Amino acid sequence: MSSEPGSHEDMSEDNLPSERAHDAHHGAVAVAGDAFADPGLPAHLPRRQDLDEQAAKHSERVVAGLFVLSMLATIGFIASYVTLKPGKIVYIFPVGHVSALNFALGLTLGLALFCIGAGAVHWARTLMSDVETPAERHPIEASPEVRAQVIADFKQGAAESQFGRRKLIRNTMFGAMAMVPLSGLVLLRDLGPLPGKSLRTTAWRKGMTLINPNTNLPLRPEDITTGSLTFAQPPGLSEDDDDFQDVIAKAALMIVRIEPDEIKDKRELDWGHQGIVAFSKICTHVGCPISLYEQQTHHVLCPCHQSTFDLADGGRVIFGPAGHALPQLRISVNGSGYLEALGDFAEPVGPSFWERG
Amino acid sequence: MKKLSARRRHPLAALVVLLFALAATGGLYAAFAPADKAQADTSSQSLAIQEGQKLYSVGCATCHGTSGKGTKTGPSLVGVGSAAVDFQVGTGRMPAQQQGPQIPEKKAIYNQAQVDQLAAYIASLGPGPVKPTSQQYSPDGADIANGGQLFRTNCSQCHNASGKGGALTEGKYAPSLENAPPKYIYEAMLTGPQNMPSFPDSTMPQKDKKDIIAYLGATDSDKAANPGGLELGGIGPVSEGLFGWVFGLGALIALAIWVATHTTKARKS
């Protein structure tokens with residue numbers, strides 16, 4: 001604080017300890033004992049409740065009142081559960097149209113719990129003893145006699161159990177304990193089996209019609225107008241099938257119609273039918289379903305990580321973390337005038353994987 | 001012919017030509033006038049088209065061109081149909097205040113009668129989706145559960161599973177569908193306004209559109225029940241968790257600090 005001699009003169013007296021400031025000139029600083037001495041506990045101050053019995057009684061009533069309120073809230077909880085019908089909707093100002101039962105149960109249970117806590121806190125702060133008592137630290141090591149006794153007891157127990165003598169028991173016990181973790185190890189099998197070739201193929205085959213999931217009917221080219229968005233799935237697929245999710249997760253299609261002269265990619269035009277093009281609905285980044293299609297820009301946005309694909313340019317990635325273009329399904333029109341697939345996708349759909357190459 | 005040619009510079013030649021022209025005009029008018037009378041029963045329609053054309057010339061032609069064929073700043077309106085006009089002008093999106101990634105909804109400038117006149121004029125430019133009747137879009141008797149399923153497969157990718165809308169690329173967005181009138185939901189699905197793709201009747205039949213409208217009416221209106229209470233924007237578990245951590249836990253911490261900073265001692269130190 002006063003590294004320069006005499007600098008205290010420039011300082012405000014308020015910021016300096018008064019004794020030091022005056023004694024520094026005389027070179028006789030009176031150090032008041034040990035600077036690091038234990039200051040001890042501050043003097044205990046009584047609370048109003050300690051001095052005034054009237055105040056203590058008031059505190060008691062407040063605590064008891066909170067506990068009674070909690071009891072009433074619990075009764076309210078039971079009463080709401082019994083009387084209110086689950087379907088009843090009421091309007092409560094900031095919350096809106098809510099279920100009366102949900103609201104009443106939450107409110108009463110919350111009040112019951114809060115009042116117990118608030119009562120306990122108020123009780124502890126105003127009525128329970130608040131006299132500070134120091135608890136000195138002491139060594140946690142046991143005395144030598146106790147330690148000797150424990151070791152002796154252990155040795156006696158080991159001898160009496162005949163653990164060292166009956167080796168059959170000892171070895172089979174070790175064997176049993178070593179085997180138990182195997183159960184957990186075997187369950188890791190559920191992480192498999194490895195996907196094998198299944199990631200490379202989808203349910204699409206040559207000649208399959210494109211089924212509109214809205215109507216469950218095959219799509220015709222004239223159904224699909226320019227600027228519209230339609231989804232499609234392979235025929236014979238039902239949401240009740242066990243493997244529905246596995247199949248649709250790879251085979252889902254989105255179908256758009258773009259004016260042929262707006263399509264920049266020659267192969268895309270060839271693989272479609274008069275500007276009707278079918279693309280995989282699965283993002284090539286981590287496999288989110290993407291169908292946020294903007295009909296004027298022909299961009300498709302993935303909502304997960306904002307990968308953006310240009311459906312007018314072969315599904316090219318124009319933004320975001322996706323690694324490759326959106327796979328296109330080759331389609332044509334069959335003899336009966338319905339759209340059909342000309343085979344499976346030419347490349348694996350969805351996210352990349354180690355062996356994809 | 002020679003005689004006529006010789007007199008072509010006669011002072012009265014201009015007068016003669018004028019008389020011939022007037023006679024021809026009068027004759028042509030007389031020939032077509034009865035046809036106009038025969039069309040008298042559609043006069044209200046043609047009147048609407050005329051009135052619509054007047055409104056169009058004033059409010060729309062700057063961007064969409066005097067004949068509705070579009071310019072660099074506005075697309076062609078040939079074939080967009082009366083449904084598109086009713087949606088765009090009825091919701092106030094058109095006439096647009098300025099160019100931008102997306103033309104926002106605002107207070108409608110034209111009243112419904114004027115919108116209908118504009119729609120009649122645009123519909124006369126070329127066939128397109130027709131403005132639906134209230135029977136087509138009324139949610140009465142529709143299958144709400146089926147509507148929910150259709151909404152989740154066809155609409156939720158952009159408009160959010162609870163219809164609250166969401167962001168698209170480069171400043172575009174899918175608007176919230178809260179309290180959206182059934183007519184405009186129907187027209188939007190039918191015509192695909194701005195960057196929204198259309199869902200024509202050929203791929204999404206009228207009944208499916210009705211079901212979707214009924215679903216939205218049951219879940220996304222002011223009167224829709226929300227049994228869980230505060231929906232916090234309905235944008236998903238992240239906002240709900242964040243609200244719990246920030247405001248719920250925050251309130252508990254504030255209460256604990258308030259308790260600890262208030263001494264119970266009789267003599268305040």
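**Close-up views of chains A and B**

**View 1. The Cytochrome c domain feature of chain B.** Over residues 142-220 of chain B, helix makes up 49% of the chain and strand 5%, with the end C-alpha atoms 16 Å apart. This stretch belongs to a feature that UniProt, in an unreviewed entry, calls "domain: Cytochrome c" and places at residues 47-126 and 142-220 of chain B. Please keep in mind while you look around that this is a predicted model. Over the other stretch, residues 47-126 of chain B, the chain is 51% helix and 0% strand, and 18 Å separates the end C-alpha atoms.

**View 2. A cis peptide bond in chain B.** Staying with residues 47-126 of chain B, part of the "domain: Cytochrome c" feature in the UniProt record, have a look at the backbone around B:Pro95. B:Met94 and B:Pro95 are joined by a cis peptide bond, with omega at about -5°. You will find B:Pro95 in the loop between helix 5 (81-90) and helix 6 (112-125) of chain B.

**View 3. The transmembrane region listed for chain B.** UniProt lists residues 242-261 of chain B as "transmembrane region", again in an unreviewed entry. In the model this span is 100% helix and 0% strand. Its end C-alpha atoms lie 27 Å apart.

**View 4. A salt bridge from A:Asp130 to B:Lys265.** Here A:Asp130 and B:Lys265 form a salt bridge, with 2.7 Å between the closest N and O atoms. The pair crosses between chains: A:Asp130 sits in the loop between helix 4 and helix 5 (144-160) of chain A, while B:Lys265 is in the segment after helix 12 (237-261) of chain B. Searching the whole structure gives 20 salt bridges over all chains.

**View 5. Where chain A touches chain B.** How much area do chain A and chain B bury between them? The figure is about 3100 Å², and 53% of it is on carbon and sulfur atoms. On the chain A side 45 residues are in contact, and they meet 41 residues of chain B. The rule finds two salt bridges across this interface. In a salt bridge between B:Lys172 and A:Glu294, the side chains meet at 3.3 Å, N to O. Polar contacts link 24 residue pairs across the interface, both residues being at pLDDT 80 or more.

Which parts of chain A supply at least two residues each to the side that touches chain B? They are helix 2 (48-51), strand 2 (96-99), helix 4 (100-126), strand 5, strand 8 (292-294) and strand 9 (299-301) of chain A. Helix 4 of chain A gives the most, with five residues. Sorted by class, the side of chain A that touches chain B has 16 nonpolar, 20 polar and nine charged residues.

**View 6. An open sheet of four strands in chain A.** Four strands of chain A form this open sheet in the order 5-6-7-12, and the pairing is antiparallel. Strand 5 (229-232) and strand 12 (328-329) of chain A stand at the edges with a single partner strand each, so one side of each has no neighbour in the sheet. Strand 5 of chain A is also one of the elements that supply residues to the side of chain A touching chain B. At the other edge, strand 7 (residues 276-280) of chain A and strand 12 of chain A pair over two bridges, in the antiparallel sense. A:Phe279 stands opposite A:Gln328 in strand 12 of chain A. The loop between helix 9 (266-271) and strand 7 of chain A holds A:Gln274, whose phi is near 50°, a positive value in a residue other than glycine.

**View 7. A hairpin in chain A.** Strand 10 (residues 308-310) and strand 11 (residues 316-319) of chain A pair in the antiparallel sense over three bridges. A:Asp310 stands opposite A:Arg316 in strand 11 of chain A. The two strands form a hairpin with five residues between them, and A:Gly314 in the turn has a positive phi of about 65°.

**View 8. A cis peptide bond in chain A.** A:Gly192 and A:Pro193 are joined by a cis peptide bond, and omega is about -5°. To find A:Pro193, look in the loop between helix 7 (181-187) and strand 3 (211-212) of chain A.

Technical notes. Residues are numbered from 1 along each chain as its sequence is written. Chains are lettered from A and ligands numbered from 1 in the order in which they are written. This is a predicted model: local features need pLDDT of at least 70, side-chain atom pairs count only at pLDDT 80 or more; totals for chains, interfaces and linings use all residues. Side-chain values use heavy atoms; hydrogens and water are left out. UniProt positions are given in the numbering used here, feature names are shortened, and annotations may be inferred rather than shown by experiment. Two strands pair if DSSP finds at least two bridges between them. Contact means heavy atoms within 4.5 Å. Buried area is the accessible area (1.4 Å probe) that two parts lose on being put together, summed over both. A salt bridge is a side-chain nitrogen of Lys or Arg within 4 Å of a carboxyl oxygen of Asp or Glu. A polar contact is a pair of N or O atoms within 3.5 Å; within protein, one must be able to donate a hydrogen and the other to accept it, and residues adjacent in sequence count only if both atoms are side-chain atoms. Ala, Val, Leu, Ile, Met, Phe, Trp, Tyr, Cys and Pro count as nonpolar, Asp, Glu, Lys and Arg as charged, and the others, Gly among them, as polar.
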